[in-house]
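Some questions about the terms used for two ligand sites follow. Each answer sets a value against its cut-off.

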Amino acid sequence: MTAARDAAIGAEGLVRDFPAVRAVDGIDLAVERGQVFGFLGANGSGKTTTIRMLTTLLRPTAGRGYVDGLDVQREASEVRRRIGVALQEAGLDDLQTGRELLALQGRLHGVRRGEIAARVDELLAIVDLEDAADRRIGTYSGGMQRRLDLASALVHRPGIVFLDEPTTGLDPISRDAVWRYVEQLNRDEGVTFFLTTQYLEEADRLADEVAIIDAGRIVAQGSPADLKATIGADVVTIHVDADDGAGIARALLRIEELDGLEEVRTLDDAIVVYITDGSRAIARLVTVVQESGLDVREVTLAQPTLDDVFLRATGRHLEVDAEAPSPGAGEEEAR
Amino acid sequence: MTALVIGTYQLAWRAVRETIRQPGVEVGNLFIPLFFFFVTVGAISNIAAPAFGIENYEAFQLPVAITQGVAGAAAISGVAIVKDIESGYFDKLLLTPMPRLAIVLGRLIADGIRCMAFTSIIVAVLSVFTAGMAAGPLGYVVVIALAGLFGVAYSGIGVTIGLRTGNAQAAQAGFLIFFPLLFLSPAFAPKEFFDPWMEFLASINPVTYLLEGMRTLALDGWEWDNLAGALASVFGLGVVTAGLALWALRTRTA
Ligand SMILES: Nc1ncnc2c1ncn2[C@@H]1O[C@H](COP(=O)(O)OP(=O)(O)OP(=O)(O)O)[C@@H](O)[C@H]1O
Ligand SMILES: [Mg+2]
């Protein structure tokens, strides 16, 4: 791992306190140039607070942040020149048209007047907003606003881009478009991405490196493949009758004696077993559970996923806020 | 430096465009001063000549309508800044490398422009009812320019409140500060007729000198002392309010 100072994006002991809560609790990281770095965490885990500190919007309580070797506090305006940022809440202005907003953002970022129009056209095409470009943003749907916000982060061709939950509230088609665009920019132009997400699938697909953040701390970090390999086993999930506590306790005792067992834990009505060579072990497991007096309702065998990594690191599944979709998600018509 | 100029220009233009796109907001600001103008003139103009020796009370009241309208129009910026903060657009501006000063300067300059346009309308409407401008057409130009400067100075109050509180109602209330200033000025009668305590308060009120400067243009013509007084008081007010606004910006973005 590169030192924070030499990395594209780095942090050393980053802390941020709010009156009632320590939102970020000592984060160290080093994102290499050209990487897509995924910051995976549940609601309130500190993703946005970390991004706001790294993008110069929020002063850290302690620690340092670096972008391209620049201190985010002491060299803030040079940092701003080099980064593109799409925050969690698309910060747009209802009274401007999409085209005007992009052009203004470009001018404020120092894009030359002569180059602006072409750049804006290019971006509008990329995020598929050409038809709506001359309408006021107030008439855009939630999904359109997100895409415009994304475009506005890229108008000055930054080499380092921060995206805070870029696909939350997007319909599957728009989500896929964002993913492909991130991949393309990363591959063709070597853009470094720091993106936060609550979606395992997103981290798995996009990120070269994933950090799992929980209660303001990084609790696991590595490439998705390496992280899954740390589980070192297959995952057998056996759903039983959750009310029979004694039966479950008996089953756990016996499972712990099985060969190849990595770890066993219970979660709601399930016994989750991390065990090598799961397809062979499954028959024994079912027998053991039944002999403990439990009724086996369902058994699944799976390769480890990032969710298993998350579960092991935090003791919880990553639960996505079900009512989270932003206003107008999925609909393309004007509000 | 060029980044500051570009940023200020771009943001001022954006703010002006914002006004053009919601013209409804200005209608109330136009209505209030015109209403006060007509009721005041209706009530007092007949006794103005015998009581204060003022023949043309309409011209005497014209600056009151203008300053009142300007104070209302200039309160819009504070509210607009709060809207930007709430929508997150303010963060988007903070994320650009332009000097942050441009965020405040852009608003203040746009207010100057807005207030001049606004004053032109008030002057045009009221010139139908007044005996005109003793200083001639150029007098109108100077009155409008003074109104623009006062707009810049006054908008600093709303911008300060908006940046400090992030609360639209509070920023809107910046307009209310104008009423004590107005009533502690020679709004209805020359201050020579005031009780001494009131005359003292009026004499330390910047609005007094602005009104008197505009009034001499309307009633008497070019009186350089009064004009200099108007300019100096507006400028002094502007230095204070712009300073406050910049301080509020710094504390918000620190
Ligand atoms: N301005 C603030 N004032 C007080 N507390 C805050 C503030 N911003 C964040 N917090 C708190 O800090 C913690 C981390 O919040 P943060 O927004 O960074 O989480 P997050 O991971 O981005 O969550 P989400 O997925 O919901 O966006 C939360 O407990 C939150 O309530
Ligand atoms: Mg967040």
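Q: What makes the pair between ligand 1 and the side chain of N43(A) a polar contact?
A: In this predicted model, an oxygen atom of ligand 1 is 2.9 Å from an N or O atom in the side chain of N43(A). A polar contact is a pair of N or O atoms within 3.5 Å (within protein, one must be able to donate a hydrogen and the other to accept it, and residues adjacent in sequence count only if both atoms are side-chain atoms), so the pair qualifies. A polar side-chain atom of T48(A), 2.7 Å from an oxygen atom of ligand 1, is another such partner.

Q: Why is T48(A) called partly exposed?
A: Its relative accessibility is 25%. Buried means under 20%, exposed over 50%, and partly exposed in between (1.4 Å probe, protein chains only), so T48(A) counts as partly exposed. Q88(A), at 30%, also counts as partly exposed.

Q: What makes T48(A) and Q88(A) donors to the magnesium ion (ligand 2)?
A: OG1 of T48(A) and OE1 of Q88(A) coordinate the ion at 1.8 to 2.0 Å. Donors are N, O and S atoms within 2.8 Å of the metal (3.2 Å for Na, K and Ca), so both atoms qualify; water is not among the atoms, so the site may look incomplete.

Residues are numbered from 1 along each chain as its sequence is written, and chains are lettered from A and ligands numbered from 1 in the order in which they are written. Local features need pLDDT of at least 70, side-chain atom pairs count only at pLDDT 80 or more, totals for chains, interfaces and linings use all residues, and side-chain values use heavy atoms, with hydrogens and water left out.
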